[in-house]
Amino acid sequence: MICELTEAGDLTPDWRDSFEAAARHRFIPDTVWVEDADRLVPVDRADDEAAWLELCYANKAVITQVDDGVPSLPGRVGREITSSASRPDVVAGMLAALGAEPGMNVLEIGTGTGWNAALLAERLGSDSVTSVEVDPAVADRARRVLWDAGYKLTVAAGDGASGYPESGPFDRVIATVAADRVPHAWAEQTRPGGRVLVPWTTDFHNGALVAFTVASDATMRGRIMGNVAFMRLRAQRGKRASLDRDVKEVAGARRSFTQTHPYPVLGEYDASLAIGLRVPRCKLIVTHHDGGAYTVWLVDPWSGSWAALDVEPGAEKFPVRQSGERDLWQEVEDAYRWWDGLDRPTSDRWGLTVTPEAQHVWLDTEEHRIDRPGS
Ligand SMILES: C[S@@+](CC[C@H](N)C(=O)[O-])C[C@H]1O[C@@H](n2cnc3c(N)ncnc32)[C@H](O)[C@@H]1O
């Protein structure tokens, strides 16, 4: 794993010793879960050590808790991922982006398995790292594993959105959990000039890493610098969309056609990031049919509005069905045209500012501010 990460340029030389010392499998629980269709199925180390180890050293996230610790289906099968060890290339890339050096004081939000905290403690020393985890059982386990491995850092059980002022001020804050509304407490507890690294998300789009710099008035500003997908802060989880539950009144749906193929709208990172700024409370689901056909569903689980776009291979126009108080496909298509009209800005041109009162998004400079509806 270390060789692969190094060759790919994800693991930088300054973090290599930490990766060698804090071996990932030492932090992964004996039971993990793997995805099987829409269910999460357990894999026990005691039953198949080789399979478990392979999961520990693949360049993939390892699912370490489902359904907040109580699998909701028989046979310890789960529905929702609620804790995981992040993908090794993402961990290495975020540590490089954090710019944490020995002598700095660092706060991690989302302890999970404790692996990332161990990597930080190995390089910076345990006294310089604090980690906060919202799930008390996950926090207790991580603390025990970290302390047994010799990393006697502070692992606090609590809501990381409030930071951890007892250990501050910090030079660096790293969130390993995503935020839609970025907590200002992280800026308040960081020294001016310090960096706060946050996976930022919208209901529509789940993957932008923002590197903020904190100013002397505790405002923080930063640009999008990468593509990462993390689970959300517990209090910001929002609602999950379900076709079974949310798609109702199919016969009465409003019908039309569009000539806009959904792929460049929904499948391209830069476009879908921008659409997420304009279209709140909209979740995307794709269902596949025989012969390469598929349906793109847009679902607002709050209002019950939904839209479906049926795509046949080679077709030049696509039937659209829309239902509920919102015309979701229309909103998404309009947002796509808006992004196109701005000359298709790439993700790195967007930035975020977080003040004590609010947060806003901008394009290139603060002067070009984007108001986000409903956020
Ligand atoms: C992707 S995992 C973190 C991975 C972890 N850093 C590691 O090395 O294994 C995200 C974690 O954030 C936790 N979390 C969710 N909401 C939180 C909150 N408000 N405060 C602190 N932790 C939170 C979850 O329980 C989960 O364990």
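Which helix and which strands each supply at least two residues of the shell around the ligand? In this predicted model, they are strand 4 (81-85), helix 5 (115-124) and strand 6 (129-133). Strand 4 gives the most, with four residues.

The shell can be described by its members. The ligand is surrounded by 24 residues, and the closest of them are Ser83, Thr113, Glu133, Asp159 and Gly160. By class, the shell holds seven nonpolar residues, 13 polar ones and four charged ones.

Some polar contacts can be followed atom by atom. The side chain of serine 83 places an N or O atom 2.7 Å from an oxygen atom of the ligand. Threonine 113 also has a polar side-chain atom facing a ligand oxygen in this sense: the two atoms are 2.6 Å apart. With valine 134 the contact involves the backbone, where an N or O atom lies 3.2 Å from a nitrogen atom of the ligand. On its own the ligand has 610 Å² of accessible area, and the protein covers 98% of that.

Helix 5, which supplies residues to the shell, also packs against other helices. Two packed helices are described by the angle between their axes and the distance between the axes. For helix 2 (residues 13-21) and helix 5, the angle is about 120 degrees and the axes are 9 Å apart. Angles of 65 to 115 degrees count as roughly perpendicular and those over 145 as roughly antiparallel, so helix 2 and helix 5 are oblique to each other. The crossing of helix 2 past helix 5 is right-handed.

The other packing partner to consider is helix 4 (residues 88-98). Its axis and that of helix 5 come within 11 Å and cross at roughly 40 degrees. Helix 4 is therefore oblique to helix 5, since only angles under 35 degrees count as roughly parallel. Helix 4, too, passes helix 5 in a right-handed crossing.

Two features of the backbone are found in loops. One is in the loop between strand 3 (62-66) and strand 4, where arginine 76 lies. Phi of arginine 76 is near 60 degrees, which is a positive value in a residue other than glycine. The other is a cis peptide bond between glycine 168 and proline 169, with omega at about -5 degrees. Proline 169 belongs to the loop that runs between strand 7 (154-157) and strand 8 (170-175).

Note on methods
Residues numbered from 1 in each chain as written. Predicted model: local features only at pLDDT ≥ 70, side-chain atom pairs only at ≥ 80, totals over all residues. Heavy atoms only, no water. Near = heavy atom within 4 Å. Polar contact = N/O pair within 3.5 Å; in protein donor to acceptor, adjacent residues only side chain to side chain. Areas by Shrake-Rupley, 256 points an atom, 1.4 Å probe, with all protein chains shown as cover. Nonpolar A, V, L, I, M, F, W, Y, C, P; charged D, E, K, R; others polar. Axes fitted to C-alpha atoms, helices over the stretch in contact; angles between N-to-C directions. Left-handed = near helix turned anticlockwise from the far one by under 90°.
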